[in-house]
Each structure stands twice: as structure tokens, then as C-alpha cells.
Number of protein chains: 2
Amino acid sequence: MTPLFNKVPMARLKRYLPILDWGRRYDTETATSDLVAAVIVTIMLIPQSLAYALLAGLPAEMGLYASILPLVAYAIFGTSRALAVGPVAVVSLMTAAAVGHLGLTDPAAIALAAITLAFISGVILLAMGVFRLGFLANFLSHPVIAGFITASGILIATSQLKHILGIDAHGHDLIELATSLWAHLPETNFITLVIGAATTGFLFWVRKGLQPVLVGWGLGPRLADILAKAGPVAAVALTTLAVFASGLDRFGVAIVGDVPRGLPPLTVPSFSLEIWTGLFGSALLISIIGFVESVSVAQTLAAKKRQRIEPDQELIGLGASNVAAAVSGGYPVTGGFARSVVNYDAGAETPAAGAFTAIGILFAAMFLTPLIYYLPTATLAATIIVAVLSLVDFGILKRTWNYSKADFSAVAATILLTLGFGVEIGVSAGVVLSVLLYLYRSSRPHIAEVGLVEGTEHFRNILRHKVVTDPSVVTLRVDESLFFANARYLEDYIYARVVGDEGLRHVILMFSAINEIDFSALESLEAINERLSGMGLKLHLSEVKGPVMDRLQRSHFLNVLSGEVFLSQYQACRTLATSCPKATGEVSQLAMSTARN
Amino acid sequence: MTPLFNKVPMARLKRYLPILDWGRRYDTETATSDLVAAVIVTIMLIPQSLAYALLAGLPAEMGLYASILPLVAYAIFGTSRALAVGPVAVVSLMTAAAVGHLGLTDPAAIALAAITLAFISGVILLAMGVFRLGFLANFLSHPVIAGFITASGILIATSQLKHILGIDAHGHDLIELATSLWAHLPETNFITLVIGAATTGFLFWVRKGLQPVLVGWGLGPRLADILAKAGPVAAVALTTLAVFASGLDRFGVAIVGDVPRGLPPLTVPSFSLEIWTGLFGSALLISIIGFVESVSVAQTLAAKKRQRIEPDQELIGLGASNVAAAVSGGYPVTGGFARSVVNYDAGAETPAAGAFTAIGILFAAMFLTPLIYYLPTATLAATIIVAVLSLVDFGILKRTWNYSKADFSAVAATILLTLGFGVEIGVSAGVVLSVLLYLYRSSRPHIAEVGLVEGTEHFRNILRHKVVTDPSVVTLRVDESLFFANARYLEDYIYARVVGDEGLRHVILMFSAINEIDFSALESLEAINERLSGMGLKLHLSEVKGPVMDRLQRSHFLNVLSGEVFLSQYQACRTLATSCPKATGEVSQLAMSTARN
């Protein structure tokens with residue numbers, strides 16, 4: 001061992017290099033499982049990587065390159081056993097939007113911009129991992145993600161219609177796309193349309209209908225399932241052969257054409273300040289969206305086997321993958337939902353499955369590219385359409401509508417804004433709206449006046465439960481932490497409640513739901529205490545939590561407080577109220593049965 | 001009565017026109033009080049309005065115009081009995097910054113921009129009032145306001161040093177100002193410096209030292225106080241006379257010069273899209289800052305007389321004032337802190353005091369302007385410096401440091417950014433930082449494992465209190481509403497707690513501090529329930545609040561929940577735990593005495 005190695009404890013090294021952990025327990029059995037999974041994922045990934053590169057507006061080979069080195073990097077640094085990293089639909093669409101902002105026309109400049117985007121995104125992810133900023137992803141709420149994915153699926157499917165129709169059309173939002181498609185509709189190439197429509201129909205049927213047929217033929221359900229996954233490869237082979245055999249490309253059917261054969265090139269991202277400025281915002285969005293998509297699927301799959309993933313290390317894994325993409329001619333990558341599920345179902349045991357997949361794609365890049373010269377782009381478009389339409393889930397609108405109008409409006413706004421203004425504005429607006437809705441709600445907290453549930457030490461809302469109260473005491477339970485946005489609301493609420501109530505002597509604030517009191521709220525409490533004193537009323541606190549009490553003790557509020565601080569509301573009631581029935585210690589069956597109503 | 005009037009209920013009209021309410025009870029006695037207050041405020045306002053116009057980079061007469069019609073408009077629409085509306089220091093500084101962005105050089109264009117700024121600001125305030133958006137002002141936390149006012153005071157005082165030195169200097173932040181002052185220092189006009197320094201010294205002395213001297217001469221303390229308020233007018237008169245008598249203006253002492261005499265002009269704001277785009281952001285900030293400053297002082301003064309102000313109607317009052325300023329040659333106005341306190345102390349009873357003040361200023365504009373031809377700008381600068389230094393309060397740094405590091409960092413950042421980058425960036429960054437700090441804190445909530453305080457029905461943190469627990473039951477109290485930003489944190493926390501705890505059978509989530517569960521958190525709860533079931537653990541809820549229960553009942557979570565929902569945690573404990581001591585109903589003196597510790 002060198003001195004350098006002695007200085008780095010092994011546990012710490014394992015945290016940053018998970019491969020050291022699972023690598024030393026690697027055996028033939030695990031390798032076999034990983035290999036089988038890798039073969040299936042490779043078959044699925046070859047057409048997908050070509051198709052997504054097309055979606056991103058890049059040459060097809062960049063999709064292959066993005067599926068080699070990035071997978072190896074993730075195998076070294078990632079913590080998920082089943083995550084399949086590579087080009088994915090949503091990130092490809094976002095890449096197209098990001099590079100589109102730059103207004104480039106030269107294909108080499110566009111490719112360089114995509115490479116640079118992957119590099120910036122990788123650096124952002126690595127930085128977030130090192131500084132443990134993974135929690136930032138939590139600010140993408142589930143409704144915003146669901147709305148964004150649904151809208152992106154529609155945008156992507158619509159953007160691919162041009163390849164099915166064999167026409168030219170552009171746009172980053174639904175209106176632009178639809179207008180452009182409509183304008184070019186008369187130019188439709190009918191042979192392309194036949195190929196595209198037939199492939200789409202075939203792929204939809206393969207997805208749902210092939211597996212039962214194969215089982216009917218006597219195949220095992222698992223083998224039938226794997227064969228069904230090869231549907232896109234079959235479509236690629238058949239349509240390529242058809243075009244090759246009948247020379248349809250001479251009738252205007254767009255084909256993939258020359259794809260360079262060989263190892264991924266060594267590339268260097270641009271370091272032009274102008275390009276970085278133009279791409280940084282997009283790279284940040286791509287990083288966060290990619291991370292969230294990746295972590296969601298990785299967590300779901302890990303939980304099935306009682307494993308855990310480490311979100312901050314996932315950032316490092318994905319960051320390394322994107323940097324790897326940038327130095328080997330790729331574009332931004334992340335963990336894909338569908339491929340990861342296939343990888344898991346096919347039996348992947350360790351990240352090595354990803355490395356084996358990379359070998360499969362490397363083989364394809366070195367030897368198979370001449371075979372796809374006659375591959376119609378309509379076939380690739382059909383692959384994309386079938387893949388992304390499974391992401392579209394309008395059910396989220398109904399589920400959130402039933403549960404909460406605020407969540408519903410976040411979903412609806414994200415969907416509408418993504419469709420109407422493109423992916424970047426859509427998801428940014430969704431996040432901002434979620435945060436604003438949350439702040440708005442916490443700025444007008446629910447405040448309940450509570451009374452004693454007779455026979456217990458339990459206090460409940462006087463409007464919802466049969467409770468005992470005393471006319472000289474009012475107890476208010478504030479159902480929100482106190483902070484600058486609701487401090488003034490509380491002041492107004494208390495004055496409105498106490499003014500004109502002649503018999504009142506004591507105001508108790510029940511702090512059971514107050515988890516934090518910031519400086520603004522402290523000043524409001526001081527003002528409330530002072531003004532209530534002026535009206536001859538004492539202010540008391542009850543059920544103040546430990547951390548809140550610690551904080552209050554550092555101010556002079558407790559010194560000037562006109563009343564007492566009680567450990568429990570029951571003690572406050574027994575001490576201050578003229579009539580406060582004693583608890584019996586019995587559990588009322590009636591109370592229990594109503595708890596769920 | 002006309003049919004139109006019949007259709008509008010009087011109560012509603014009174015809400016929008018408070019003058020209808022206090023106006024009909026107006027009598028001679030109230031009028032006398034208002035008149036006395038108006039005379040004092042007028043004497044104070046004449047030099048201030050000239051000085052603040054200078055600070056805003058505008059001709060002196062615009063300060064006078066901003067002190068006439070806006071005061072009448074506020075008297076009609078405002079709800080505060082004591083608020084003195086007109087030009088104020090911070091808003092004047094913000095006006096200078098806003099107009100400065102446009103890069104104008106023609107004085108007429110600058111004046112038109114300031115008029116337009118008042119108009120946009122008025123429209124924003126009116127719109128906020130009509131749509132009842134006054135709560136938006138709550139997002140300016142007390143620390144941010146305190147930091148902003150302190151830093152603005154320093155910036156304003158520094159910006160006035162050029163007039164005291166008789167040199168030319170510019171800048172919107174402290175570094176620009178200091179560099180510019182330093183560069184021009186050799187050009188100092190020493191006669192100006194003598195006038196400026198002497199006036200500043202005189203005004204500081206008047207502020208603290210004059211009143212006791214006058215009392216010593218046998219004057220009543222109240223009259224002495226009023227006379228002390230006339231200090232700036234005396235300084236104006238004395239220095240003007242000195243320059244006039246000795247012809248110091250010929251030695252380079254800058255003077256106010258020609259100020260047009262007459263009624264305020266009728267002006268029309270610009271409706272150029274370019275100017276509106278350039279000013280809108282600044283107008284929004286000016287509106288909110290002006291509103292917050294105004295409402296704080298109005299609320300404080302109203303509380304002293306057990307009166308209430310109506311924040312949403314205040315927006316309409318201030319909006320009307322700014323529109324009035326825009327049509328009569330003024331610039332943005334708001335309620336000033338110092339003048340309002342003087343108005344209140346001098347006995348103002350109704351908003352009519354403001355209207356009387358307007359008459360006083362109108363008189364000055366029509367007849368007194370020739371008298372201030374020889375008024376040195378150094379005198380006005382001295383007035384501003386003495387006024388704004390009283391706003392500087394570095395004590396807020398110490399108070400927030402002791403109470404909470406998060407609040408401290410909001411103050412410190414606001415002060416530093418305001419000094420370093422100017423008022424607009426300073427206050428915007430302060431607001432954004434406050435919101436981010438709040439979100440960060442609520443994204444990692446305090447979670448306490450609780451147990452029973454023996455002999456009671458009360459549950460407390462096992463780490464802070466002597467409590468009874470059962471190895472088969474774990475009760476977690478989450479001290480924060482559950483929402484998208486902390487849903488995943490909760491999942492992780494629960495898994496980390498239960499994995500490896502072999503004796504465990506039941507997990508109880510005590511919901512006493514949970515005020516809201518959004519859709520993201522609902523999905524997390526469903527995931528937690530499912531995964532705990534998989535581990536053979538039952539998930540129970542206790543003390544779920546009414547509004548939260550209503551919400552949960554609209555989802556299918558309660559149908560799949562593996563355990564029960566208990567009305568109180570005590571019932572959960574008695575039902576699930578093998579040992580859960582019965583409550584005695586007695587109040588423990590020991591427990592009470594420790595509540596404050």
C-alpha cells in the first residue's frame with residue numbers, strides 16, 4: 001500500500017466508489033444474471049439510442065456513443081443495482097430545446113453544443129453530490145413531475161409526427177408544432193406514412209398483444225415477455241430490409257444513411273463563455289429533472305429488494321456519466337424509467353449489468369452501423385411515439401382534483417405551460433407555483449379554538465367535537481409554524497377574537513403544532529403579549545416543544561410574558577379554568593369509533 | 001337620491017371611501033387638533049420635500065408637488081388617522097435608482113420618468129388593493145425590512161456627502177459612491193463644507209439638545225418639543241440668509257436657484273412601452289416597500305388608540321396618492337415614519353390633518369419659492385443626513401444573532417447586498433433568501449420519538465423528558481406539515497428508524513403538529529404504509545386534525561392503512577402497548593415547574 005492509500009479510510013473510499021463494495025463479492029452466478037439482463041437491455045437500447053439522438057436533433061451515432069462510456073462510469077460510481085443509464089426521451093427533448101436556444105445551424109456546432117451541455121450538466125451534478133444538495137430535488141413536487149412527464153410525452157409524440165408523415169416541421173411547444181405540421185401537411189410522403197403508421201401499429205400490438213400469442217404457442221411467459229421486448233429490433237430489421245430491397249429511399253423515404261463505424265471519438269467540450277451562459281440554465285434543469293427521474297425509479301426498484309440507494313452518491317454517479325458522455329461524443333444521459341424496469345425484471349444484480357450493456361452497444365457501434373444505412377427515420381419515430389405515450393397519464397388530474405385543488409392547479413398549470421411554452425418554462429413555472437401555493441397556504445394558517453374532551457386530557461376544536469370550555473379562558477391552537485408570512489395574520493386573528501369578549505381573563509396559545517418561531521413571529525408575539533396586557537388579559541402558552549422552547553429562552557419574551565408556560569394544555573386548563581373536568585384515565589370507546597369520521 | 005346611489009349600499013361605499021365615515025362626525029374640536037398638527041407637519045415637510053426631491057435626482061419643486069394632491073387623495077381614501085403621506089427618504093432613493101436604469105440625461109425626460117414611476121406604482125397599489133393582495137407584503141420579513149432600512153440609511157447619508165463637500169459624485173451602491181467621492185475629493189469647496197458641517201452639527205444638536213434647553217428657559221415640554229421640530233426650517237432660513245447677504249454663491253456654493261412659483265402643473269405620465277418595461281420591476285418594489293413602511297407605522301399608531309387600520313384599503317389610499325402625484329408633477333410617495341409620528345404626537349385626529357398640510361404646502365409653492373433661491377443644497381443634504389441616520393439600527397444584527405442564525409443571515413445578507421449592489425438587488429435578495437431559508441428548514445423537519453409522561457395522558461420527546469415506552473411500539477411526532485419538500489425526508493427517516501429493530505410491531509405517527517398533507521406527501525405515506533406492511537409492521541395514526549382528516553378521507557389511503565386512526569395518542573398507547581400506565585388526572589407540580597426549563 002502506498003502512503004496515499006493509507007490516508008484514505010476504506011469506508012470513505014467505498015462511499016465514493018460503490019464498485020469497491022459490490023465488486024469484491026462478485027461471482028459467476030451474479031455475472032450470469034447480469035449478462036442475461038445486459039443482452040436484453042442492449043437489444044432494447046440499440047433502436048432507442050438512435051431514436052432519441054434523432055429526437056435531440058443530433059446524428060444517430062451520438063445516441064450510441066451516449067450509451068457506452070456513460071454506462072461504465074455509472075457502474076463505477078452509482079449505487080443502484082438496476083438503474084439503466086443512457087439517452088432518455090425527456091432529456092433528449094430538453095437537449096433539443098437547450099441547443100435550439102443557441103440558434104446554431106452548422107451540424108458540427110450543434111453536436112459540440114450538445115457535448116458541452118452534457119459536460120455542464122455533469123459538473124452541476126457532481127457539485128451537487130459533493131455539497132450534498134440532493135434535497136434540492138425535493139422541491140419538484142410529485143404533481144409537477146407527473147404533469148411535466150405527461151406534457152413532455154405529448155410534445156415528443158407530436159414532434160415525431162413529422163417523421164411519420166415524411167415532412168419538415170419544427171417547434172418547441174404544441175402550438176408551434178401543430179401549426180408547422182399543418183402548414184407542411186400537403187407535402188406528406190405517402191410511402192413514409194405507410195411505413196410509419198404500420199410500424200406504430202405493429203409496436204403498439206407487440207407491446208400488449210404479442211406476449212399472450214407467444215404464450216399461446218407454448219412459450220414460457222418469461223421468454224415470451226423477453227421476445228416481446230425485441231419488437232422494436234424486429235421493426236428496425238423489417239423496415240430496413242423493405243427499404244433496401246425495394247429502393248424506397250429513391251421515392252423520398254427518409255433514411256438514417258451513413259453512420260460512422262468505430263469506437264466513440266474522444267471529444268472536448270467547448271469552454272466559450274457565450275455557450276456556457278447560453279446553456280447553463282438548461283443544464284441545471286436537465287440535471288435536476290434527470291436526477292429526479294433517475295432517483296425515483298432507482299428507489300422504487302431498490303425497495304423491492306430491501307436495498308437502499310444513496311441519493312447524494314447517485315448525483316456523483318450521474319455526474320460522472322454525463323462527463324463521460326461529454327468526452328466520448330455523447331449528449332446528456334440519465335437513468336431511464338422503462339429500461340431500468342426491464343433491466344431489473346431481466347435479473348440484473350449489480351451495476352456490472354450496465355457495463356456489459358456498454359460492451360454490447362460498443363459492438364454495435366463498431367460493426368453494425370452499415371446495416372442501418374437503409375433504416376427509415378419513420379421507424380425510429382414510431383419507436384419513440386410508442387415509448388413516450390406510455391408516459392402520458394391524465395389520471396393524475398383526476399386524482400389531484402379529488403384530493404386537493406392546490407395540487408390540481410400545480411399539475412394543470414405544469415401541463416398547460418409545458419404544452420404551450422415548452423419544457424423549460426413548463427417545469428420552472430410548476431416549481432415556482434408549487435412553492436408559492438405552499439407559502440400562500442402557510443401564510444393563512446388554520447387556527448382552531450379548542451376545548452376539553454370530557455373525561456380525558458385531550459383538547460379538540462370546539463366546532464367539530466363535543467367539548468367543555470370556560471368563558472374566562474380562550475385556547476387557540478395555531479396549526480402552523482409561526483414565521484414572517486403568517487405573523488401578522490396571527491396578530492389580526494387574536495385581536496378580532498378577544499375584542500368585545502367581556503368575560504375573558506386568559507388567552508392560551510396551544511403550541512402543539514408550532515415547530516418553529518422565527519424572529520418576525522417573535523416580535524409579533526411580543527406585540528400580542530403587550531397589547532393583551534393593555535386589555536387586562538394574560539397570555540399563556542402550553543405544549544411548547546423542546547426546540548421552540550430552547551429558541552424562546554434565547555430571547556427576552558419569556559421574561560415579559562404576562563402569563564405562564566404550561567407543559568400540557570390539561571395542566572393549563574386545570575390551573576386557569578374555574579371548571580375543568582378531571583380526566584378518568586379510561587379510553588372512551590365512543591371517542592375511538594368517531595376518530596375515523 | 002339618484003338611482004345610482006340607491007344601488008350602492010352605504011356600508012360598501014364607506015369601505016372604499018373612509019372619509020364618508022369620519023367626515024360626518026367631524027366637528028370644530030377635531031378640526032382644531034388637526035389644524036395644529038398640520039401646521040407642525042407643514043413646517044417639517046417644506047425642507048424635507050425639497051431635500052428628498054434632490055435625493056431622488058429631481059428638481060426641488062417636484063418635492064413640493066408630491067406633498068399637495070397626494071395628501072388630499074390619501075385623506076379621502078386612507079384609513080389611518082395619523083399617517084403623513086408624501087416624499088420619504090427610502091422611496092426617493094429607490095426612485096433615483098429606478099430612473100437611473102433608464103440612462104436618461106435630459107432633465108425633462110427624467111422628470112417624466114419619475115412621474116410615470118409614480119403612476120405605475122399607483123396602479124400596482126390600486127390593483128393589489130382591489131384584489132386584496134395586501135398579504136403579499138407579509139413576505140417581507142422583519143429582519144429583511146430592518147436590514148434594508150439600515151443599509152438604505154447608510155447609502156442615503158453617503159450619497160449626500162457630495163452636497164456637503166460641494167463636489168460631484170455618483171453611484172447606486174456604497175463602493176461606487178465611495179470611489180466617486182474619493183476621486184472628486186480634491187475639488188472640495190471649503191465654504192460649502194463649512195455650511196454643510198455646521199448645519200449637520202446644528203441639526204444633530206437640535207434633535208437631542210434643544211428641547212431640554214428650551215424647557216430650562218421655562219417653556220412647556222410640549223411647546224419646546226414643537227419648536228425643536230422647527231430646527232430644519234431655522235437652518236434653512238439662516239443659511240439662505242447667510243448666502244444671500246454675503247453672495248457666497250459666487251464662490252461656488254451650490255444653491256437651489258429658481259424654483260417655479262405657482263399651482264402644481266397638470267401632468268400626464270408616459271405610456272411608452274419601453275419606459276413601462278424599464279420601470280415596472282422598480283415600481284413593484286417601490287410599491288411593496290412603501291406599503292410595508294406605511295402599514296407598519298400606521299398599525300403602530302392605530303394600536304395606541306385601540307383603532308384598526310384596513311391593510312387592503314391602505315393599498316387603495318396609497319395607490320390613489322401615487323396616481324395623484326403622477327397627474328400633478330410629483331413622484332412616488334408613501335407614508336413616512338418620522339412625519340407620521342410627529343403628526344400623531346401633535347394631535348392629528350383624522351386624515352383631514354393631511355389635507356390641511358397640503359394647503360400649507362400649496363401656499364409655500366405659490367408664494368414662498370422665491371425666498372429659497374439662495375438656499376444652499378448643503379443645508380438640504382444636512383437635513384437628509386440627520387433624518388436618515390436615525391433609521392440606522394445595527395442592533396438588529398445582535399438581536400437576531402442571539403435568537404436565530406437563519407434570521408441573522410437574512411439581515412446580514414440584506415445589509416451587505418443593499419450596500420454592495422444597491423437597494424433593488426438588496427431587498428429582492430433578502431426576500432428570496434428568507435423564503436429559501438424557510439423552505440430549507442421545513443424540508444428537514446424536526447422528528448421526535450415520544451413516550452408517555454407517567455400519570456398523565458401527555459406524550460413527550462424521549463430524549464428530553466422522563467417517559468414510559470414500549471419496545472413493540474414506536475411513536476414518531478413529525479413537527480412539520482407534510483409537503484413535497486419533506487415527504488422523501490420522512491420516508492428515509494422512518495426506514496432508518498425501523499430497519500433492524502426486531503421487537504417492533506407497531507409504528508404510530510402522531511399527527512398533532514401536522515396541519516396539511518399535500519399530494520406528494522400522501523403518496524409518500526402510501527409508500528411508507530406499503531413498505532412497513534411488507535416488513536410485518538402496522539402503521540397507525542393518532543391526533544389527526546379535522547382539516548387533515550377531511551382531506552385524507554378524499555383519498556383511498558385510509559382504506560389501505562394497515563393500522564388504526566386514534567383520536568388521541570393516549571388511546572393509541574392504551575390500545576396497542578403492552579404496558580401503558582393509566583393517567584391519574586392529577587396535575588404534577590414537578591412537571592409544571594419544569595415546563596419553563
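This passage describes the contact between chains A and B, a set of paired strands and a helix in chain B, and a loop residue in each chain, all taken from a predicted model.

In the predicted model, the contact between the two chains brings together 66 residues of chain B and 66 residues of chain A. On the side of chain B that touches chain A, the most is given by helix α21(B), which spans residues 423-443 and supplies 6 residues. The residues on this side of chain B comprise 26 that are nonpolar, 23 that are polar and 17 that are charged.

Within chain B, strand β3, formed by residues 447-452, pairs with strand β5, formed by residues 473-478, in the antiparallel sense, and 3 bridges connect the two. In this pairing Glu449(B) of β3(B) lies opposite Leu476(B) of β5(B). Strand β3(B) is also joined by 3 bridges to strand β4(B), residues 459-461, again with the strands running antiparallel, and here Gly451(B) is placed opposite Arg460(B) in β4(B). Strands β3(B) and β4(B) form a hairpin with 6 residues between the strands, in which Gly455(B) adopts a positive phi near 90°.

A further glycine with a positive phi is found in chain B just after helix α16(B), where Gly347(B) has a phi of about 100°. The helix itself covers residues 337-345, and its buried residues include Phe337(B), Arg339(B), Ser340(B), Val342(B), Asn343(B) and Tyr344(B).

Positive phi values also occur outside glycine. Most residues other than glycine have a negative phi. In chain A, Glu543(A) departs from this with a positive phi near 55°; Glu543(A) is located in the loop that runs between β7(A), residues 538-542, and α24(A), residues 546-553. Glu543(A) counts as buried because 27 other C-beta atoms lie within 10 Å, where the cut-off for burial is 20 or more.

In chain B, the phi of Glu543(B) is likewise positive, with a value near 55°. Glu543(B) is situated in the loop between β7(B), residues 538-542, and α24(B), residues 546-552. With 27 other C-beta atoms within 10 Å, Glu543(B) is therefore buried.

Notes. Residues numbered from 1 in each chain as written. Chains lettered and ligands numbered in written order. Predicted model: local features only at pLDDT ≥ 70, side-chain atom pairs only at ≥ 80, totals over all residues. Pairing = 2+ DSSP bridges. Helix = DSSP H or I, 4+ residues; strand = E, 2+ residues; numbered from the N terminus. Buried ≥ 20, exposed ≤ 12 C-beta atoms within 10 Å, placed from the backbone. Contact = placed C-beta atoms within 7 Å. Nonpolar A, V, L, I, M, F, W, Y, C, P; charged D, E, K, R; others polar.
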